[in-house]
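Visitor: I have a chain on my screen and would like to talk through how it is put together. Could you walk me through it?

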Amino acid sequence: MGAIDSFQARMKSAGGFARLARYEVIINPPKNLLEEVGAEYVTGLSIMCDSITMPGKDLKTTPVKHGQGLTREQVTAHVYEGTITATFYLERNLEAKDFFELWQNQAVSNGSNHVNYYDDYASGSMEIHQLSSIPITETTYHIPQSEVEGSKYKDAPVDRFGHELPIAKTQKKTHETIRTYSMKVEEVYPATIGQIDYAYATVNEIARLSVEFQYRSWKEM
């Protein structure tokens, strides 16, 4: 088998490539913030996520030398790399901006340096899902009514003589969205809320807000 055949076989067995535009984000803010804004708004906010970075993982090493041998970099721990950067579409009243500022206020009260408990602002989480699709066939059956209106055979798939009526069958080929990889990010909070740049030249553009999330760790779901 040649290289091209091996590549095609690999992609076929894997179900194709992962697409960067096929993703889902679910934000789970701290309980007290969720109660304040409502679950319905948070669900809508997740849908308004225009882009996001899936975090990585790094291995922390330290140089180790034994006797006269060459120095080696030995793994001592694993660290979770960087922050999560996301952008969100903004409503005309900038409600998403208000939401993330409320979240930040759970950490430090606005207008003061009073710092709240860690769990007050970092007890939330975030889910990032890679999406794909599988072909499916939707089948619907239509059971005809009796030919005689008002008879005892109404709503039954038989005529007045008790003969079975044909059941219509309709099939439609479509695709079902599935999650092929899922990650849960723990102890999340918005560390940085980006600025909004206004310009007359952007008359047809939708305003977006950049948010950098700090987190402690992530795991596969």
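Guide: Gladly, and one term should come first: two strands count as paired if DSSP finds at least two bridges between them. Please also keep in mind that this is a predicted model.

Visitor: OK, so which residue in S7 is the bridge partner of Pro-135?

Guide: The partner of Pro-135 is His-175, which lies in S7. That bridge belongs to the antiparallel pairing of S6 with strand S7 (residues 168–193), and 19 bridges join these two strands.

Visitor: And what does S1 pair with?

Guide: Strand S1, residues 23–28, pairs with strand S6, residues 124–142, in the antiparallel sense over six bridges. Within S6, His-129 is the bridge partner of Glu-24.

Visitor: Stepping back, how many helices and strands does the chain have?

Guide: There are five helices and nine strands, and, read from the N terminus, the order of elements is α-β-α-α-β-β-β-β-α-α-β-β-β-β.

Visitor: Switching to helices, which residues of H4 are buried?

Guide: In helix H4, which spans residues 95–105, the buried residues are Ala-96, Phe-99, Phe-100 and Trp-103. They lie on the same side of H4, because the arc they cover around the axis is only 90 degrees.

Visitor: What share of the whole chain is buried?

Guide: Of the 221 residues in the chain, 24% are buried. The chain exposes about 15,700 Å², and carbon and sulfur atoms supply 51% of that area.

Visitor: Last one: what share of the contacts with a separation of 6 or more comes from residues 24 or more positions apart?

Guide: Such residues account for 72% of those contacts in the chain.

Key
Residues are numbered from 1 along each chain as its sequence is written. This is a predicted model: local features need pLDDT of at least 70, side-chain atom pairs count only at pLDDT 80 or more; totals for chains, interfaces and linings use all residues. Side-chain values use heavy atoms; hydrogens and water are left out. Helices (H or I, at least four residues) and strands (E, at least two) are DSSP runs, numbered from the N terminus. Buried means under 20% relative accessible area, exposed over 50%, partly exposed in between (1.4 Å probe, protein chains only). Contact means heavy atoms within 4.5 Å. Accessible areas come from the Shrake-Rupley method with a 1.4 Å probe; for residues, only the protein chains shown count as cover. The arc is that of the directions from the helix axis to the C-beta atoms.
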